[in-house]
Amino acid sequence: MSRKIDKLNGLAVITGASSGIGLELTKLAAADGCALILSADTDLTEAERAAKDAGAASVETVQCDLATERGVAALLDAIGKREVDALFANAGHGGDVAFLDQDWQEVEHIIATNVSGTVRLIQDVGRAMRARNRGRILITGSIAGHMPGPFQLVYNSTKAFMNDFSVGLRNELKDTDVVVTCLQPGVTDTNFFQRAHMLDSQASKSDSKDDPAKVAKDGYQALLADDDLVVSGFMNKMQAMFADVLPDSVVAQMHRKLAEPESRKENEPA
Ligand SMILES: NC(=O)c1ccc[n+]([C@@H]2O[C@H](COP(=O)([O-])OP(=O)(O)OC[C@H]3O[C@@H](n4cnc5c(N)ncnc54)[C@H](OP(=O)(O)O)[C@@H]3O)[C@@H](O)[C@H]2O)c1
């Protein structure tokens, strides 16, 4: 039986809603008239206003650090016993520099946000969806998950986890009416690079970064259409495809060119 729908309704929970792709997902769910629970680890005033302007039935905000058990518990508490119709597991961040130079607290925080906290949230909300045989989960992975990622090593590895996790969870739920879709963006014009201290990288300096509104729309539509995954944008589809067929060592070197700080490159032997 088709699990395709034309629009969302009911309660949608969106993590990483304060900016970028999450803010755009928020506007889309609001335009469908959903009640929203928005979460991020900083201020959500702008997201709340944007959601109300776009037509959300209601908006609640939960400011919490999803890298911590306390943060995940705060979001789960806010949801309480309510039925979640759609979960947008979107919060995530990266971090620059070579792995051995990276601060351990930052490494832990990337893994805890992108993987542990996100997976914990999905398990709790997903169990309730399975119990009533209804619900949709959009996981924001990345085309970075197709690539061994020098100078974004921990980040890319978390996204490889989430890309695979998403497709595997979808398979576990294939005989139910719970839909799991993975959104895999490429380089997108958001706060991501600033937060990851990557402003000095070729990726960040690119003038062909994707529009977060378009990326969010691709993910949102794929979720409604019951697609297993969507790589947003033609060039990103090509990049992901080549990353899957080229030798990993070649892909790693290509990624290095994109992510390594430009100032560091200047000091490398030719
Ligand atoms: N931009 C890209 O090139 C790109 C490419 C592929 C995939 N992605 C993925 O897309 C998703 C959204 O990122 P974006 O590009 O839209 O970047 P963004 O503008 O920096 O948004 C990231 C969102 O995640 C939230 N967040 C980060 N760490 C958190 C934590 N520990 N607890 C709670 N919230 C946290 C941020 O909240 P605060 O702002 O409050 O900190 C923000 O709302 C991420 O999963 C990212 O990995 C991005």
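In the legends below, a helix is a DSSP run of H or I with at least four residues, and helices are numbered from the N terminus. Every view comes from a predicted model.

**View A. The ligand and its shell of 33 residues.** Start here to get your bearings. The closest members of the shell are D41, T42, Y155, T190 and R195. Sorted by class, the shell holds 17 polar, 12 nonpolar and four charged residues. The ligand takes up the space of the largest pocket.

**View B. Polar contacts between side chains and the ligand.** Which side chain has an N or O atom 2.7 Å from a nitrogen atom of the ligand? That side chain belongs to D65. T113 also reaches a ligand nitrogen atom, with a side-chain N or O atom 2.9 Å away. At Y155 the partner on the ligand is an oxygen atom, and a polar side-chain atom of Y155 lies 2.6 Å from that oxygen. How much of the ligand does the protein bury? On its own, the ligand would expose 880 Å², and the protein buries 96% of that area.

**View C. Helices that contribute to the shell around the ligand.** Helix 1 (20-31), helix 4 (104-132), helix 5 (153-172) and helix 6 (192-195) each provide at least two shell residues. Which helix gives the most? Helix 6 does, with three residues.

**View D. N133 and H197, two residues with positive phi.** Most residues other than glycine have a negative phi, so a positive value is worth a look. N133 is not a glycine, yet its phi is about 55°. You will find N133 in the loop that runs between helix 4 and strand 5 (135-140). N133 counts as partly exposed because its relative accessible area is 34%. H197, also not a glycine, has a positive phi of about 55° too. Its place is the loop between helix 6 and helix 7 (202-205).

**View E. A112 in helix 4, with L66.** Is A112 buried or exposed? With a relative accessible area of 14%, A112 is buried, because the cut-off for that class is under 20%. Along the chain, A112 and L66 are 46 residues apart, while their C-alpha atoms are separated by 7.5 Å.

**View F. K257 in helix 10, with S201.** Helix 10 covers residues 248-259, and K257 is one of its residues. K257 is partly exposed because its relative accessibility of 48% falls between the 20% and 50% cut-offs. How far is K257 from S201 in space? The two are 8.4 Å apart, C-alpha to C-alpha, with their positions 56 residues apart in sequence.

**View G. D77 in helix 3, with H93.** Helix 3 spans residues 69-79 and includes D77. D77 is exposed, because its relative accessible area of 62% is over the 50% cut-off. Please frame this view so that H93 can be seen as well: the C-alpha atoms of D77 and H93 are separated by 24 Å, and the two residues lie 16 apart along the chain.

Notes
Residues numbered from 1 in each chain as written. Predicted model: local features only at pLDDT ≥ 70, side-chain atom pairs only at ≥ 80, totals over all residues. Heavy atoms only, no water. Near = heavy atom within 4 Å. Polar contact = N/O pair within 3.5 Å; in protein donor to acceptor, adjacent residues only side chain to side chain. Areas by Shrake-Rupley, 256 points an atom, 1.4 Å probe, with all protein chains shown as cover. 1 Å grid on protein atoms, 1.4 Å probe; cavity = no way out; pocket = protein on both sides within 12 Å on 5 of 7 lines; lining within 4 Å. Sits in = over half its atoms within 2 Å of the grid points. Nonpolar A, V, L, I, M, F, W, Y, C, P; charged D, E, K, R; others polar. Buried < 20%, exposed > 50% of the residue type's maximum accessible area, 1.4 Å probe, protein only.
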